[in-house]
Amino acid sequence: MTEQDTRERGSSSEPPSTSLVRGLVKEARPKQWAKNVLVFVAPAAAGQLNPLDGMYPLRLAVLSFVAFCMVSSATYMVNDILDVESDRAHPKKRHRPIAAGVVPVPTAAVVAAVLFVGGVAIALFNRGFGGSPNWALAGVVAGYAVLTTLYSFWLKKIAVIDLVVLSAGFILRLLGGAYATGVDVSDWFLVISLFGSLFIAAAKRHAEAEELGDQASILRPTLGEYSIEYLGFARSVAAAGTIISYCLWAVEAGSEGAAAAVSTPWAQLSIVPMLIAVLRYALLVDQGKGSAPEDVILHDRQMQLMGVLLVLCIFVGVYL
C-alpha cells in the first residue's frame, strides 16, 4: 500500500463497503444537475415548449440538459482531483469520494474525459445524425467545460473574476437552451441572466465565508479578500439589477402582441413571485444558507412555491 493510499484511507469517513460505482455516482453530483434546468428557460419563455405544437423542441432542450449534466459532472471530477488535498482539510468536502479515497484519481480522470467527450457529442448532434451539427450548442457546452476547468486551475484564486466566472456558468446554461432550440436571445434575457447569476454567485460566497469562519481564507483564497460588507454590496447591486430588469421585461412583454389583449396581466403579475423569491433567497443567505444554491431551491418550501407561481404566470401569459 502506497503512502498516498494510506493517507486517502486514513482521511476517509466513508463506510468501508462503499463501492467504486456508488462513489463515481456520488462524485458526478447528480443533485447539482438541478442547475441545468436553466436550459429550459429560454425556449419556455419563447413559447417553444408547447407539447401541442410537437415534441421536437422539447427533445432538443432535453438533450441539451443531458449534455450539460455530463459535462458538468466531468468538471466536478476535475475540480475534486485538483482540490483533493484542500478538500481533505474541509469539514464537509473531505467526505467527497475522491478526497475520501473511494474513487482513485486515475479512474476519476478517465471517467471525466469520457463524460466530457460524450456531452459535447450529444450537444453537437442534438438534431440527430441526419440533421446539421449544432456547432453553437457544442461550442457553448465545450466553452462551459473549458471555463470551469480554468476556474479550477487558476481563476478561482482571483478576487472578483471568481465571482464573474461563477456567474458565467449559469449564463452559459441559459444560452445553451436557446441555441439548442434555435430561439433568439433577447437583450432583456441577457440582462436578467447577468444580474441573477451574479446575485447567486455573491450569495454563495457570502454563505461560504460565514460557514467556514476562520478557515475561509485557507480553504478558498478569495474569501480572504472579500469582506462580508463587500459581498453584501455585490449581492445588493445584483439583486436590484435582477428585480429592475425583470420588472421592465414583464411590463414590456405584457404590453406586446397577444398578451396585451388578455384582460389579466399575467406577465406583470409574475413580478410578485419573482420579487418574493429574490427577497426570500437573500434572507436565507443572511441566515447562513446558500453555499449550495441547489439545496436552497430543493429544500425551501417558500422558494418552491414562488417558483411554481412564477412558472404558472409565465406559462399562462405565454402559452394560453
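Met 274 touches Thr 242, Tyr 246 and Leu 310, leaving aside residues up to four places away in sequence, where contact means heavy atoms within 4.5 Å. This is a predicted model, in which local features need pLDDT of at least 70 and side-chain atom pairs count only at pLDDT 80 or more, while totals for chains, interfaces and linings use all residues. Residues are numbered from 1 along each chain as its sequence is written, and side-chain values use heavy atoms, with hydrogens and water left out.

Met 274 also belongs to the largest nonpolar core, which has 18 residues and in which Phe 199, Tyr 246, Met 274, Val 278, Tyr 281, Val 296 and Met 303 have the most contacts. A nonpolar core is here a set of buried Ala, Val, Leu, Ile, Met, Phe, Trp, Tyr and Cys residues joined through side-chain atoms within 4.5 Å; buried means under 20% relative accessible area, exposed over 50%, and partly exposed in between, with a 1.4 Å probe and protein chains only. The elements that give two or more residues to this core are helix H9 (187-212), helix H11 (228-254), helix H13 (271-286) and helix H15 (301-319), and H13 gives the most, with 7 residues. A second, separate core of 17 residues includes Phe 68, Val 120, Tyr 144 and Ala 145.

The protein chain as a whole has 15 helices and 0 strands, these being DSSP runs numbered from the N terminus (helices H or I of at least four residues, strands E of at least two). Its radius of gyration is 21 Å, close to the 20 Å that the globule rule gives for 320 residues, so the chain is as compact as a globular protein of that length; the radius is taken over C-alpha atoms, and the rule is 2.2 Å times the number of residues to the power 0.38. Along the principal axes, the C-alpha atoms fill a box of roughly 75 × 55 × 35 Å. Buried residues account for 45% of the 320 residues, and among contacts between residues at least 6 apart in sequence, 73% join residues at least 24 apart.

Ser 167 offers a case of contact across the sequence. This serine is found in helix H8 and is buried, with a relative accessible area of 4%. Its C-alpha atom is separated by 5.1 Å from that of Leu 198, 31 residues apart along the chain, and, not counting residues up to four places away in sequence, Ser 167 touches Ser 197, Leu 198 and Ala 201. Phe 153, in helix H7, is 44 residues from Ser 197 in sequence and 22 Å from it in space, C-alpha to C-alpha. Phe 153 is partly exposed, with a relative accessible area of 48%.

Two residues other than glycine have a positive phi, and the table gives their settings.

| Residue | Phi | Loop | Relative accessible area |
|---|---|---|---|
| Arg 29 | near 55 degrees | between helix H2 (20-27) and helix H3 (41-45) | 14%, buried |
| Val 160 | about 70 degrees | between helix H7 (135-153) and helix H8 (161-181) | 38%, partly exposed |
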